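Got your viewer open and a cartoon on screen? Let's walk through this one together, one selection at a time.

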Amino acid sequence: MDGYGPFPVRNFQPIQLLFLGMQGERAAVIKKGALDIRVELAETSTVFNENLPSVTAMIKMEQLRSGLFLRYGLTHRLEVAMEIPLLYRYQGFLNGVISQVERLTSGLSPARAALKNTGFVYNLTKGGQTLFSGSDGQLGLGDITLSSKYQVVTEQGWVPGLSLRFAVKVPSGDEGRFFGSGHTDVGAGLAIEKKIADRWILYGNVNGIVPTGKVAGLPVNPEVSAIAAIEYLWTPAFSLVAQFDYYSSPFRNTGTQILDGGVTEVVVGYNYRLRPNLVWQLYGVENLDFITGSAADFTLSTLLTYRFGR
């Protein structure tokens, strides 16, 4: 039985999402001449409330990220891909469910409690100057990503599969409305996978990303991301995946964790092959407290992928 790979997650925190996100990938490439068309809907709830000497932030919103992802097998070892995202910011629908879960577990978060009567707010200021802002109901094209993956080693026996990855983010999003960074980012990484038993597969990704220019007048720095995932193949058509994600931030010394802090998250979900060439995926992303005050609250995502050709 073949695996489906880690989920194609990225850092969905709305400000850090402005930069190149090298999504979760398996090491294996698709066959020469095959074409994948994937549609993803990712709903992210974000709540921050800070009043610091240098930074004031009130953010309560949901962002729907719709992504069209195209992948083509150029050779037996090389695939190329493009992703076109569309972003929509609004009040959303997850707040009530998240609030109830928090009350029944750890208690309502201070930020969510402080903004409980606020439907939508997106404003972060530093030294009295607005750095990031937005209004309810904004819709816009995000930054397009072009990527490639070259399989260096094919998995066999005790040898894991290993691939090199490269990506570039094109500044197609509206910088003024913070749907894009306004600059090109480049990235490179490694993807590894190894089947450790008849039904278990391990995956790993490590990426380095170099953003360019300034964003909201702030300098940016190189960042790293990493993913570790395990997949259990329940049947050839159905599998369960759990993974851990880490993302560093491109910002430094701004005075707030919302910008400076990295993100640690756990992801769980499933893959289901509806038809031989059609796969449905569903996953949820929950922030962890290894690094506090920087991650989006919760993301729920669903994807459909159709493969043309072999």
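A quick word on terms before we start: a pocket here is an open set of grid points with protein on both sides within 12 Å along at least five of seven lines, and its volume is the space filled by probe spheres set on the points. Keep in mind, too, that you're looking at a predicted model.

**Stop 1: the second largest pocket**

Select E102, S109, N287, D289 and D297. Of the 27 residues that line the second largest pocket, these are the closest to its centre. The space inside comes to about 670 Å³. Now colour strand 1 (35-51), helix 1 (95-104), helix 2 (110-114) and strand 16 (278-287): each of the four supplies at least two residues of this lining. Colour by residue type and you'll get 13 nonpolar, 9 polar and 5 charged residues in the lining.

**Stop 2: R112**

Stay with helix 2 and pick out R112. Is R112 buried or exposed? With a relative accessibility of 1%, R112 counts as buried, because the cut-off for that is under 20%. Show its neighbours: leaving aside residues up to four places away in sequence, R112 touches S45, V47, N95, I98, S99, E102 and D297. You've already met E102 and D297 at the centre of the second largest pocket. Zoom in on S45 as well, since its side chain makes a polar contact of 3.4 Å with the side chain of R112.

**Stop 3: the largest pocket**

Next, select D2, G3, R26, I30 and R307. They lie nearest the centre of the largest pocket, which has 35 lining residues. About 910 Å³ of space lies in this pocket. Which elements give two or more residues to its lining? Strand 1, strand 2 (55-73), strand 7 (144-153), strand 16 and strand 17 (298-308) do. The lining here divides into 15 charged, 10 polar and 10 nonpolar residues.

**Stop 4: salt bridges**

Keep R307 selected and add E25, D36, R71, E79 and K149: the six are linked in a network of salt bridges. Within it, zoom in on R71 and E79, whose closest N and O atoms are 2.7 Å apart. R71 is buried at 9% relative accessibility, and E79 is buried at 3%.

Then jump to K169 and D185, another salt bridge, with the closest N and O atoms 3.6 Å apart. K169 sits in strand 8 and D185 in strand 9, so this pair ties together parts that are 16 residues apart in sequence. Both ends are tucked away: K169 has a relative accessible area of 3% and is buried, and D185 is buried at 0%.

For a bridge with partners that are not buried, select R177 and D174, with the closest N and O atoms 3.2 Å apart. R177 is partly exposed at 30%, and D174 is partly exposed at 33%. If you'd like to hunt for others, the whole structure has 15 salt bridges.

**Stop 5: two unusual backbone angles**

Most residues other than glycine have a negative phi. Select F178, in the loop between strand 8 (161-170) and strand 9 (185-195), and you'll find a positive phi of about 60°. F178 is buried, with a relative accessible area of 13%.

Finish at A216, in the loop between strand 11 (214-215) and strand 12 (218-219). Phi of A216 is positive too, near 55°. A216 is partly exposed, with a relative accessible area of 23%.

Technical notes: Residues numbered from 1 in each chain as written. Predicted model: local features only at pLDDT ≥ 70, side-chain atom pairs only at ≥ 80, totals over all residues. Heavy atoms only, no water. Buried < 20%, exposed > 50% of the residue type's maximum accessible area, 1.4 Å probe, protein only. 1 Å grid on protein atoms, 1.4 Å probe; cavity = no way out; pocket = protein on both sides within 12 Å on 5 of 7 lines; lining within 4 Å. Nonpolar A, V, L, I, M, F, W, Y, C, P; charged D, E, K, R; others polar. Polar contact = N/O pair within 3.5 Å; in protein donor to acceptor, adjacent residues only side chain to side chain. Contact = heavy atoms within 4.5 Å. Salt bridge = Lys/Arg side-chain N within 4 Å of Asp/Glu carboxyl O.
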